[in-house]
Protein chains: 2
Amino acid sequence: MSPELNNTALAEPVGCLCPDPRAWRLEDLPCTLETEDESRSFLIRQGGRRTVGPNEAIFAGGPTESRCFRVLEGVVRLVTFFPDGARQIVRFAFPGDYFGLTHAERLLTAEAVSPVVLLEFDAGKLQRLGECNPLLGRQLANVLRASASEALDHVGLLGRKDARKRLALFLRFLHQNIGLGDIVSVPMSRSDIADFVGLKIETVSRAFGYLRRRHLIDDVGRGVLRLDLVGLDLLIDGEG
Amino acid sequence: MSPELNNTALAEPVGCLCPDPRAWRLEDLPCTLETEDESRSFLIRQGGRRTVGPNEAIFAGGPTESRCFRVLEGVVRLVTFFPDGARQIVRFAFPGDYFGLTHAERLLTAEAVSPVVLLEFDAGKLQRLGECNPLLGRQLANVLRASASEALDHVGLLGRKDARKRLALFLRFLHQNIGLGDIVSVPMSRSDIADFVGLKIETVSRAFGYLRRRHLIDDVGRGVLRLDLVGLDLLIDGEG
DNA sequence: CGGTAGCTTGATGCGAGTCAACCCATGTGG
DNA sequence: CCACATGGGTTGACTCGCATCAAGCTACCG
């Protein structure tokens, strides 16, 4: 890939061990890298920090894409555009989430939903790093596992035929990621929600209306909701 | 498929480095384990080979589940049962595929679609093995990545609103996994297909009828189809 | 033979899609 | 300050496609 930088043993493919593995826990990785000059080379651009405005593209997707990211602030959407004109939002990435770790994700398009702050990595380097450092490798594997399980949840959501159940599940999902108590903010547009849950925006809007009427959700400020969590679960699990 | 490799250090749990890492390519793993008495301890039951009849459960799912499998013959379905009575088939596993590698998958129910031959592993041991052997770890990571990308494809399928497109996509998917030339066998029932693509069996049946009438598929033997691949792609990508 | 399970086909209803109008907040220029 | 344009959201009238209910069909097995 890019063999030009081999400042440390970490650039070696296999068999290397980092001097202090505990410094390489994946959660700490960005912070550690920021403060350590020697570690900067792991970031694709020096510093690696990057801010993106709403609806700006982070990458357009394609076989050449080799970057991956961690979200620090804001929300990112990963999108497929079908030849027939349809759009499918495959995943939302929230603060703390990684995206672009798999080749499949790098084929997608990544766009900022809200103002976003990211850390940018070279995917290949990160992978090689994970392979030579067992601890980091385990963390990376956990991230992979988490994203796989999230995709399964998404499948479960799309399997539901009822529009209101889908929206309820989506709100539960959102709450699980950025909820505080029974409050959750909804940073994405109806259009984004629709393309995530497999509905049209009018149907999403009507489903919102239904939930509001039933007081399963209540508006509190712009794009901020109070959820009746047990009520939503009841709706989701109910026969009707 | 009868390698006479002898590496003795393999039974050690953690911190081991195999003398010949190339002997541990994930693809070869089962074969190696079969023939080596010393390696048997990696399999949860001695031998690890297991056959399952159609519609029999392989595991029922739950937090205690710690086994994972590789399919040698046949097809396996991974299923979620929702409290409201609905059923969602999250994934089909074909010969060569692994399942149960992630905790999320181990929460599901695994059932044989057709007569199945499996290899059975202890998930924790396999994971630890991957962590201490870089080459095997990379293979495991690739399996994880593959299953993540397959889940994304599934999301893309379920995002489509048209029943015929969904079925066409499903057949393409099936062909990709067990197709030969333009021939593919369909081992699973309409009910399984329906719960995989998010439709009812009647709708699936009608969609089959439509594809047949258009000669995008043609019956050749029991549960065996000849596909018009370009025609199917045209249908999938078409506006209507 | 009858029995059953899986698949197909038909008639009907319902819910999501579609098309369209409207609201409302924001922004722009005169 | 207002007139106007714009984009996102909501709401209504209507259509269409999938779900539903129901009947028949075929194959396999007793």
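**Exercise 1. Which residues come nearest to DNA strand C, and what do they touch there?**

Work through the surroundings of this strand in the predicted model.

*Step 1.* Start with the neighbours. There are 15 residues around DNA strand C, and the nearest are A:Thr203, A:Arg206, B:Arg190, B:Ser205 and B:Arg212. That list draws on both chain A and chain B.

*Step 2.* Now ask which part of the strand faces the protein. Of the strand C atoms that come within 4 Å of the protein, sugar and phosphate make up 65%.

*Step 3.* Look for polar side-chain atoms at the phosphates. B:Arg190 has a side-chain N or O atom 2.8 Å from a phosphate oxygen of strand C. For B:Ser205 the distance from a polar side-chain atom to a phosphate oxygen is 2.8 Å, and for B:Arg212 it is 2.9 Å.

*Step 4.* Place the surface on the fold. Two elements give two or more residues each to the surface near strand C: α7 (201–213) of chain A and α7 (201–213) of chain B. The largest share, four residues, comes from α7(B).

*Step 5.* Sort the residues by class. You should get 10 charged, three polar and two nonpolar.

**Exercise 2. Repeat the analysis for DNA strand D, and find a side chain that reaches a base.**

*Step 1.* Around DNA strand D there are 16 residues, and A:Arg190, A:Arg212, B:Ala163, B:Thr203 and B:Arg206 come nearest. Sugar and phosphate account for 66% of the strand D atoms that lie within 4 Å of the protein.

*Step 2.* Take the phosphate contacts. A polar side-chain atom of B:Thr203 sits 2.4 Å from a phosphate oxygen of strand D. From chain A, the side chain of A:Ser205 puts an N or O atom 3.0 Å from a phosphate oxygen.

*Step 3.* Then the base. The side chain of B:Glu202 has an N or O atom 3.3 Å from a base nitrogen of strand D.

*Step 4.* Which elements are involved? Once again, look at the helices: α7 of chain A and α7 of chain B are the elements that give two or more residues to the surface near strand D. Here the largest share comes from α7(A), with four residues.

*Step 5.* By class, the surface near strand D holds 11 charged, three polar and two nonpolar residues.

**Exercise 3. Describe how chain B meets chain A.**

*Step 1.* Count the contacts: 36 residues of chain B touch 37 residues of chain A.

*Step 2.* Get the area. About 3300 Å² is buried between the two chains, and 65% of that is on carbon and sulfur atoms.

*Step 3.* Check the charged pairs. Four salt bridges run between chain B and chain A. One of them pairs B:Lys165 with A:Asp84, whose closest N and O atoms are 2.7 Å apart.

*Step 4.* Find the elements on the chain B side. β5 (87–93), α2 (103–106), α3 (123–132), α4 (134–159) and α8 (229–237) of chain B each supply at least two residues. The biggest contributor is α4(B), which gives 14 residues.

*Step 5.* Finish with the classes: the chain B side divides into 16 nonpolar, nine polar and 11 charged residues.

**Exercise 4. Trace the side-chain partners of A:Arg87, then look at another pair that involves strand β5.**

*Step 1.* Locate the residue: A:Arg87 is in strand β5 (residues 87–93) of chain A.

*Step 2.* Follow its side chain. A polar contact of 2.8 Å links it to the side chain of A:Asp192, and one of 2.5 Å links it to the side chain of A:Asp195.

*Step 3.* Widen the view. Beyond neighbours within four places in sequence, the contacts of A:Arg87 include A:Arg77, A:Phe81, A:Glu111 and A:Ser191.

*Step 4.* Move along to A:Arg91, which forms a salt bridge with A:Glu105 (2.8 Å, N to O). This pair joins helix α2 (residues 103–106) to strand β5 of chain A, with the two residues 14 apart in the chain. Over all chains, the count is 28 salt bridges.

**Exercise 5. Which feature does UniProt place at residues 161–230 of chain A, and what is the span made of?**

*Step 1.* The UniProt record, an unreviewed entry, gives "domain: HTH crp-type" for these residues.

*Step 2.* In the model, residues 161–230 of chain A are 56% helix and 14% strand. The C-alpha atoms at the ends of the span lie 21 Å apart.

Notes
Residues numbered from 1 in each chain as written. Chains lettered and ligands numbered in written order. Predicted model: local features only at pLDDT ≥ 70, side-chain atom pairs only at ≥ 80, totals over all residues. Heavy atoms only, no water. Near = heavy atom within 4 Å. Polar contact = N/O pair within 3.5 Å; in protein donor to acceptor, adjacent residues only side chain to side chain. Nonpolar A, V, L, I, M, F, W, Y, C, P; charged D, E, K, R; others polar. Contact = heavy atoms within 4.5 Å. Buried area = accessible area lost by both parts, 1.4 Å probe. Salt bridge = Lys/Arg side-chain N within 4 Å of Asp/Glu carboxyl O. UniProt positions renumbered as here; feature names shortened; annotations may be inferred.
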